[in-house]
Amino acid sequence: MAELRWAVTDGPDGTAAVALPDDAAASRLLAEQAPGGFWCAREAGGCGGRLAVDADGARPAFVHTGGTRCALVRREGAAERGYEPLRYRRPLVAWLAGQGLDPWVSTLPGRTGLHVALPGAVLEVQLAPVSDLAWRARDDRLHREARSVTWLHGPGAELAAATEAGVRGAALVLRRQNRGLLIGVRDAGGGVRWVRASACRVGPDGVEAPGLAEARAAHGRRAAAREDAARRAARQAARWSSRTGAVPWDVRTGTLPFPAAG
């Protein structure tokens with residue numbers, strides 16, 4: 001049976017997730033600091049039962065007090081996957097509330113992330129792998145439904161982050177740090193510049209992060225330069241092909257219309 005390392009402190013339907021420390025003394029201290037106790041979160045796929053801290057084993061763990069056969073204990077890895085969105089939810093809501101925003105947050109199907117609705121805007125927190133095709137389909141749908149859409153790519157969503165960075169020049173990636181969040185700007189080359197979430201804000205066009213606008217502008221300039229070079233090559237090829245007996249320029253290989261040496 002799998003160890004249960006996570007719980008919530010605000011009731012069976014709550015979202016205030018906590019992780020149990022590896023140290024027995026620290027685990028007992030956590031139990032003392034939660035006088036209301038711990039629950040197995042239904043939001044994470046759990047049973048909603050009461051939990052207690054068992055710090056006497058090889059590693060501290062939460063145990064069900066009523067002997068419930070919970071799915072999170074029966075399936076290896078189920079608890080970690082189920083609680084991951086909750087562990088992001090609280091600091092994310094706190095960050096938005098600090099900007100005077102009142103978000104409506106829901107867990108994505110399969111507990112793969114969070115959907116955050118704001119007036120006219122959407123933040124999509126992806127915490128699990130998603131295929132390129134599925135990401136593009138969801139992105140199109142979200143853009144039809146909201147004025148602005150911002151993806152925050154968490155651990156496991158690296159492929160989607162790379163796809164968005166390739167399409168738009170940059171993507172935002174998200175990680176937890178202690179009780180807060182880090183937001184990174186991933187450029188099309190794969191480099192990431194990390195800042196604390198407090199350095200970012202939600203603006204009219206979505207999340208604004210240091211370096212994001214610059215990365216996308218640089219990507220736009222490179223794309224425009226490539227298109228301009230392609231147009232010049234096409235015009236030059238057209239001029240050569242219009243000459244009688246001329247050998248056309250091979251745009252694909254860059255072969256010059258000169259006879260071979262020798």
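How much space lies in the second largest pocket? The answer is about 320 Å³, and the pocket is shown in the last view. The model in every view is predicted.

**View 1. Seven strands form an open sheet with mixed pairing.**
The order of the strands across the sheet is β6-β7-β8-β9-β10-β11-β12. At the edges are β6 (104-107) and β12 (192-196), each of which pairs on one side only. From one strand to the next, the twist averages 25 degrees.

**View 2. Strands β7 and β8 run antiparallel.**
Strand β7 covers residues 113-118 and strand β8 covers residues 121-126. Six bridges join the two strands. Within this pairing, Ala117 stands opposite Val122 in β8.

**View 3. Helices α4 and α5 each pack on the sheet.**
Helix α4, made of residues 132-145, touches β7, β8 and β9 (148-153). The direction of α4 makes about 145 degrees with that of β9. Helix α5, made of residues 158-168, touches β9, β10 (170-177) and β11 (180-187). The direction of α5 makes about 150 degrees with that of β10. Strand β9 is thus touched by α4 and by α5.

**View 4. The largest pocket has a volume of about 540 Å³.**
Its lining consists of 17 residues, and those closest to the centre of the pocket are Ala17, Val18, Ala19, Arg90 and Arg179. At least two lining residues come from each of β2 (17-19), α1 (24-32) and α3 (78-97). Helix α3 gives the most, with four residues. Sorted by class, the lining of this pocket has 10 nonpolar, three polar and four charged residues.

**View 5. The second largest pocket holds about 320 Å³ of space.**
This pocket is lined by 16 residues. Nearest its centre lie Ala78, Glu80, Arg81, Gly82 and Arg111. Helix α3 supplies the largest share of the lining, six residues. The lining of the second largest pocket divides into seven nonpolar, four polar and five charged residues. Helix α3 therefore appears in both pocket views: it gives four residues to the lining of the largest pocket and six to that of the second largest pocket.

Methods:
Residues are numbered from 1 along each chain as its sequence is written. This is a predicted model: local features need pLDDT of at least 70, side-chain atom pairs count only at pLDDT 80 or more; totals for chains, interfaces and linings use all residues. Side-chain values use heavy atoms; hydrogens and water are left out. Two strands pair if DSSP finds at least two bridges between them. Axes are lines fitted to C-alpha atoms, for helices over the stretch in contact, and angles run from 0 to 180 degrees between N-to-C directions. Contact means heavy atoms within 4.5 Å. On a 1 Å grid over the protein atoms alone, a cavity is a set of points where a 1.4 Å probe fits but cannot get out, and a pocket is an open set with protein on both sides within 12 Å along at least five of seven lines; lining residues have an atom within 4 Å of a point. Grid points are joined across faces, edges and corners, and a volume is the space filled by probe spheres set on the points. Ala, Val, Leu, Ile, Met, Phe, Trp, Tyr, Cys and Pro count as nonpolar, Asp, Glu, Lys and Arg as charged, and the others, Gly among them, as polar.
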